[in-house]
Amino acid sequence: MASEAAEIREAIEQTRAQLGQTVQALAEKTDVKAQVHKKVEETKDNARARAHEVAHGAASVPAKATSNNKVAVPVLVCLVGLVLVLLRRRNSRSGNAESS
């Protein structure tokens with residue numbers, strides 16, 4: 001009978017602990033102010049992390065653009081020169097055809 005009483009007491013203690021956890025979880029769910037505060041802090045942390053990513057990502061863009069420009073600018077200059085030569089030839093040919 002003593003062991004049976006001890007088992008019952010142990011079961012009661014476990015039930016009380018579970019009930020306390022359940023009540024605490026329900027209290028947290030109904031505490032709107034705490035939930036809002038928690039969500040605001042999460043949002044701030046996410047915004048800080050995103051700003052950090054953007055700042056470091058933006059800092060590396062000029063270096064990439066500069067290295068790409070070393071090739072792109074001369075190629076662009078050559079293309080513009082080629083277009084000008086072709087336009088000049090075309091205009092000189094059409095001028096010769098009109099005078100003939």
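Here a trainee and a mentor talk through how the terms for this predicted model are applied.

Mentor: Ground rules: this is a predicted model, so local features need pLDDT of at least 70 and side-chain atom pairs count only at pLDDT 80 or more, while totals for chains, interfaces and linings use all residues. Residues are numbered from 1 along each chain as its sequence is written, and side-chain values use heavy atoms, with hydrogens and water left out.

Trainee: What makes up the secondary structure of the protein?

Mentor: There are 2 helices and 0 strands. Both terms are DSSP runs numbered from the N terminus: helices are H or I with at least four residues, strands are E with at least two. Helix 1 covers residues 2-30, and helix 2 covers residues 32-99.

Trainee: Why is the pair Glu 41 and Lys 44 called a salt bridge?

Mentor: A salt bridge is a side-chain nitrogen of Lys or Arg within 4 Å of a carboxyl oxygen of Asp or Glu. The closest N and O atoms of Glu 41 and Lys 44 are 3.8 Å apart, so the pair qualifies. Both residues lie in helix 2, 3 residues apart, which is about one turn of the helix.

Trainee: Which other side chains meet in a salt bridge?

Mentor: Among them are Asp 45 and Arg 48, at 3.1 Å from N to O, and Arg 50 and Glu 53, at 3.4 Å. Asp 45 and Arg 48 are also 3 residues apart in helix 2, and Arg 50 and Glu 53 are separated by about one helical turn. By this rule the count comes to 4 salt bridges.

Trainee: How do you know whether Arg 48 is buried or exposed?

Mentor: Look at relative accessible area: buried means under 20%, exposed over 50%, and partly exposed in between, using a 1.4 Å probe and protein chains only. Arg 48 has 52%, so it counts as exposed. Its partner Asp 45, with 43%, is partly exposed. Glu 41 at 31% is partly exposed, and so is Lys 44 at 38%.

Trainee: How much of the protein counts as buried?

Mentor: Of its 100 residues, 0%.

Trainee: What makes Val 71, Val 75, Leu 79, Leu 82 and Leu 86 a nonpolar patch?

Mentor: Patches take residues with over 30% relative accessible area and no salt bridge; nonpolar side chains (Val, Leu, Ile, Met, Phe, Trp, Tyr) are joined within 5 Å, like charges within 9 Å. Val 71, in helix 2, has 55% relative accessibility, so it passes the area cut-off. Together the five have about 460 Å² of accessible area, a value from the Shrake-Rupley method with a 1.4 Å probe, where for residues only the protein chains shown count as cover.

Trainee: Why is the Thr 15 side chain said to make a polar contact with Ala 11?

Mentor: A polar contact is a pair of N or O atoms within 3.5 Å; within protein, one must be able to donate a hydrogen and the other to accept it, and residues adjacent in sequence count only if both atoms are side-chain atoms. The Thr 15 side chain reaches the backbone oxygen of Ala 11 at 2.8 Å, so the distance fits.
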